[in-house]
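Me: I would like to go through this model step by step, with the reasoning spelled out before each answer.

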Amino acid sequence: GQDMVSILQLVQNLMHGEEEEEASQSYRLQNVGEQGHMALLGHSLAAYISVLDRERLRKLTTRILSDTTLWLCRLFRYENGSAYYHEDDREGLVKICRLVIHTRYEDYTLEGFNVLYTKQPVIYISSAARTGLGQALCNQLGLPLSCMCRVPCNTMFGSQHQMDVALLDRVIKDDVESGKLPLLLVANAGTPGAGHTDKLGRLKELCEQYKMWLHVEGVNLATLALGYVSSSVLAATKCDSMTLTLGSWLGLPAVPAVTLYRHEDPSLSLAAGLTSSQPVEKLRALPLWLSLQYLGHDGIVERIKHASQLSQRLLENLKNLDFIKTSVEDELSSPVVVFKFFQEYSNRDQTSHAAQASTIQHPIISNERHIYDTFNQWLGEQLAQLVPASGVDVVELEDEGTCVRFSPLMTSAVLGTEIQDIDQLVDCLKMKIPVLTSTLQLREEFEQEVRRTVGLLYIEDLGWPGLGVVRYSYHCDGKNDDKQEKELEKINTELLKKLNELESDLTFSLGPEFGGQKNCVYIGMVAEDLDVSELVETIAATGREIEENSRLLENMTEVVRKGIQEAQLQLQKANEERLLEEGLLRQIPVVGSVLNWFSPFQASSKGRTFNLTAGSLESTESMYVSKAQGTGTTPPPTPTSSLAKQRLPGQKAFKRSLRSSDGFSETSSISHCDDLDKMDQRPPNLCPGQEQGPLEMEKAEEQKEVAQAKIDTEDMHSDKSPPDCTKVEDQASQR
């Protein structure tokens, strides 16, 4: 065994993990206030209380359970209700389904699945419900998936996130006629995606007609604690059961979810597992019992009201923004705000676009929606990164596509979101909208420019949030596929490196980590002053430069190899000629030395030098004569980009001039000002080292006055007013 100190040290190391994770952990823990510590204290107190004697434990747990249930029923306007506390928020619905099965099938306790087989139960859920909810219910209840019926949402009238009541009525009638038993209906008071509320009043009437159980869940149930409640949400108080997730609404860690229900037979509730005879099970309510007392009624209402005010503040600001489309159920009181970037079609005929929109899965419409989904995905990620305290996230909706969602009831209490965070979120959104609009407008122009440019290949990637994707196509000369692929990868990698070295506001990358194209250059978001033609021409010119340098290096390697072979052959031939000139006797060791002493042999030094520029071997005789190495011919210039656009100091690359009409006059004025500065430094007729006399000074002043008059004349021309030439000449003559 180990001592307590070492065990606690191990727990501490496991909690904090690596050093780079400490920042995120501390950010998460710093928002656990005193009310959070009260909830955490409830778990440890429950463990201590469980060791009390049985009678004292029974009295204490009964008091805690009854108090918490009473407070919640009064707080959320649910009269005469019972409560079931559970860790998994779906567990309460599973217990309710078992309760309904026990209620509707009287012999279920004795015969079990045989009763269900003779009359199959049907559970109805909305198509806008949580993903996997129906399958989870069937798995827990032991029912086949055929017992689950997904009801579509409205398509013609009403919200597209609300359950179609008329269609549900027809489906229930068909099920009754086929011998099935409608059992339970799961409705939403705030769908998981858009936060819309079903027509709970009509659904309750339908359930009473067919003797069905109505269960409601959703984030909008939190507004039942406010003084003003919309009629659509207020109808949830008449339902048979509802599930509340107080932990996220109030920012309480590790508190259980609560399912409130109404039922008269306690034996069936005990059989379904909604109540327990074990006192320890009732201690699940202890964290909530402590937290509710700490916050009080006013504190709970204030937190929920603050979240509603945050959503209203954001909604009011979004109404004043162009290219932002909101999707809310009620503009006066909507706890969830869903918005997306959307630009109207200005370059197309509205009539033709409407005709295209009526066609199912039209390729143009499908591509445009995919592009908007990509852009909104990028927008949501950027906003969440820039303003993490806002708690915005990205949600996929069936009709609207990808949207940005702000649900303060689920995030504000935990993250501590304030009004200034919403203002900062709107400011960031205002900064991103021009970037999105300009990028969307320039995508088509970029595609056309790339397709017209030789050597570039446009890659269509609808999932890339940016200007586009381009690849430099390598001109292969009979090379195999593997070598061509390596050359292509090498050129595009070097091209990406060269583009990132340029002083520009653009981002060039290799694309996403997963799912992207290989050997491509991905261009990110751009501004409206981007010169697309210059960008495409620069990419093509840089690619050609890299390709030519690569070919030059390959050719030089081949020339050097051939030159070395030729030099070896010539040196071998020179050695053979030297042997013939010296004779056979000079090659004998002793005889050759004596012969060289009596008759020295003067051998000419014939070396070889390799000219890399010409790619040829040359003799070194000229080097020995002149005692210096020859320079040879001038090497050819290194191929560079032919694009050399003149830019002002500090101006970044790929910027298009927005005031081209004023460019000439400003440039002329700058050039004349430079001339004046040069005149101030030295007169044109004054030689270096010569002092400036009175006559030269007078001439210099006269030339300066004429140049200044010339600038004034051009300025008057730029202002479209006739110049006063007489005044200029008089000034010059007087001088």
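Me: Which residue is the bridge partner of Tyr124 in strand 3?
Reply: This is a predicted model, and the reply rests on its computed strand pairing. Strand 2 covers residues 121-126 and is joined to strand 3 by 4 bridges, the two running parallel. In strand 3, the residue bridged to Tyr124 is Cys149.

Me: Which strands stand at the edges of the sheet?
Reply: The sheet is open and has 7 strands with mixed pairing, in the order 1-7-6-5-4-2-3. A strand with a single partner has one side left without a neighbour in the sheet, so the edges are held by strand 1 (82-86) and strand 3 (148-151).

Me: In strand 5, which residue is the bridge partner of Leu184?
Reply: Strand 4 (181-188) and strand 5 (213-217) are both crossed by helix 10 (residues 200-209), which runs at about 155° to strand 5. The two strands pair in the parallel sense over 5 bridges. Within strand 5, the partner of Leu184 is Trp213.

Me: Which residues of strand 5 point the other way from Trp213, His215 and Glu217?
Reply: Strand 5 is mostly covered, with 5 of its 5 residues buried, that is, under 20% relative accessible area. Trp213, His215 and Glu217 point one way and are buried, while the buried residues pointing the other way are Leu214 and Val216.

Me: What is the area of the nonpolar surface patch that includes Met15?
Reply: Met15 is found in helix 1, which spans residues 4-16. Together with Ile7 and Val11, Met15 makes a nonpolar surface patch of about 260 Å².

Technical notes
Residues numbered from 1 in each chain as written. Predicted model: local features only at pLDDT ≥ 70, side-chain atom pairs only at ≥ 80, totals over all residues. Heavy atoms only, no water. Patch = residues over 30% accessible without salt bridge, like charges linked within 9 Å, V, L, I, M, F, W, Y side chains within 5 Å. Areas by Shrake-Rupley, 256 points an atom, 1.4 Å probe, with all protein chains shown as cover. Salt bridge = Lys/Arg side-chain N within 4 Å of Asp/Glu carboxyl O. Pairing = 2+ DSSP bridges. Contact = heavy atoms within 4.5 Å. Axes fitted to C-alpha atoms, helices over the stretch in contact; angles between N-to-C directions. Buried < 20%, exposed > 50% of the residue type's maximum accessible area, 1.4 Å probe, protein only.
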